[in-house]
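Work through the exercises below with the coordinates open. Each task is followed by a solution in steps.

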Amino acid sequence: MSSEPEEIRTSLGRNLTYGLLDHLGKTIVTGGYAERQFPTEAELSKQHGVSRSVTREAVKMLTTKGLVSARPRRGTIVEPSSAWNLFDPDVLRWLLDRKFSIDLLREFSQLRIAIEPAAAALAARFADNAGLAAIRAGFDRMRVAETGGDDTLEADIAFHVAILRASGNPFFAQFSDVVATALRTSIRFTNRIQGRTADLAAHEAVLRAIEARDVRRARTSMLYIIDEVMELIVRSPAV
C-alpha cells in the first residue's frame with residue numbers, strides 16, 4: 001500500500017488525468033486519429049504509463065466535450081468536429097493552438113459581436129457597485145499595463161470578462177471562460193497587426209457609458225471595439 005497521504009495521491013491522479021486529457025484532446029483536434037482508430041483504455045494506459053482509472057476519467061472528460069463517444073461493437077470513436085463543444089474552453093484552446101486560423105478568429109469575433117455589446121448594455125442597466133468596481137479595476141489595469149506595470153493581455157481580458165459578469169445575466173457570465181480563452185489569441189493577433197496594445201480611449205468610452213448608465217452608448221462603444229478587430233481581420237491575408 002502506498003505510504004503517500006491520500007491528498008497527495010489524489011492530486012497526482014488529477015494531474016495525470018488532466019495531462020492525459022490535454023494530450024488526447026490536442027491529438028484529436030489536430031487530426032491525429034483521422035487515419036487510425038482511437039485506442040482502447042488498456043492501450044492508452046500502456047502507452048502513457050498511467051492507471052486504467054486515470055485513462056477512464058480522461059476519456060470520460062473527452063466524451064463530455066463531444067470529442068469522442070462509445071459505440072456498441074465499435075468501441076470509442078472520434079466524433080466529427082461538428083459534434084465538438086466549441087463553448088468548452090479546453091476545446092477552444094486546442095483549436096486555437098492547433099494552427100492559427102484567420103477563419104476561426106473571424107468566427108469568434110462574430111460571436112463577440114452577438115454577445116459583448118449586449119452584455120455592455122446590460123451592465124449599464126443592471127451592474128451593481130461590485131460589478132462597476134470590477135470593470136473600473138480592469139480598465140485601471142489596462143492603463144497601468146501601458147507603462148509596463150501589468151500584463152497588457154491579462155488586463156484587457158480582465159476588462160472584458162468583468163463586463164460579462166456585471167451584466168447581471170448568468171448566461172452571459174458563463175461565456176467568461178470562452179471569451180478569456182479566445183481573446184488571448186485575438187488580442188495577440190490584433191496587437192501584432194496594429195503594432196500597439198488595446199485602444200485605451202475606446203475602452204474608456206465603454207467604461208464611462210456603463211458608469212453613466214447609458215445603455216445605448218455602452219452598446220455602441222463596445223461594438224466599435226469589436227468592429228475594429230473585424231476590420232483588421234478582413235484586411236489580413238488568410239494564414
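**Exercise 1. The hairpin**

Task: In the hairpin of β1 and β2, which residue takes a positive phi?

Solution. The model is predicted. Begin with the loop: the hairpin of β1 and β2 has three residues between the strands, and Arg 73 takes a positive phi near 65°. Next, take the strands on either side. Strand β1 covers residues 68-71 and strand β2 residues 75-78; the two run antiparallel and are joined by four bridges. Finally, fix the register: Ser 69 of the hairpin stands opposite Ile 77 in β2.

**Exercise 2. The largest pocket**

Task: Describe the lining of the largest pocket by class and find which element gives the largest share.

Solution. Start from the volume, which is about 230 Å³. List the lining: Leu 86, Phe 87, Leu 92, Leu 95, Arg 98, Leu 104, Glu 107, Phe 108, Leu 111 and Val 178. Now assign residues to elements. Those giving two or more residues are α4 (89-98) and α5 (102-126). The largest share, four residues, comes from α5. Sorted by class, the lining has eight nonpolar, no polar and two charged residues.

**Exercise 3. Two residues, buried or exposed?**

Task: Decide whether Thr 181 is buried or exposed, and do likewise for Leu 153.

Solution. Thr 181 lies in helix α9, residues 176-194. Its relative accessible area is 17%, and the cut-off for buried is under 20%, so Thr 181 is buried. Beyond its neighbours within four places in sequence, Thr 181 is in contact with Pro 89, Leu 92, Arg 93 and Leu 96.

Leu 153 is found in helix α7. With a relative accessible area of 11%, Leu 153 is therefore buried by the under 20% cut-off. Leaving aside neighbours within four places in sequence, the contacts of Leu 153 are Leu 183, Arg 184, Ile 187 and Arg 188. For the pair Leu 153 and Leu 183, the separation is 30 residues in sequence and 8.5 Å in space, C-alpha to C-alpha.

**Exercise 4. The nonpolar cores**

Task: How many residues has the largest nonpolar core, and which have the most contacts inside it?

Solution. The largest nonpolar core has 62 residues, and those with the most contacts inside it are Phe 38, Leu 62, Leu 67, Ile 135, Ile 163 and Ile 210. By element, helix α7 (residues 152-166) gives the most to this core, with nine residues. Take Ile 135 as a worked case: not counting residues up to four places away in sequence, Ile 135 touches Ala 123, Phe 159, Ala 162, Ile 163, Ala 166, Leu 207 and Ile 210. Last, a second, separate core of six residues includes Leu 105, Phe 189, Met 230 and Ile 233.

Terms used. Residues numbered from 1 in each chain as written. Predicted model: local features only at pLDDT ≥ 70, side-chain atom pairs only at ≥ 80, totals over all residues. Heavy atoms only, no water. Pairing = 2+ DSSP bridges. 1 Å grid on protein atoms, 1.4 Å probe; cavity = no way out; pocket = protein on both sides within 12 Å on 5 of 7 lines; lining within 4 Å. Points joined across faces, edges and corners; volume = space filled by probe spheres on them. Nonpolar A, V, L, I, M, F, W, Y, C, P; charged D, E, K, R; others polar. Buried < 20%, exposed > 50% of the residue type's maximum accessible area, 1.4 Å probe, protein only. Contact = heavy atoms within 4.5 Å. Core = buried A, V, L, I, M, F, W, Y, C linked by side-chain atoms within 4.5 Å.
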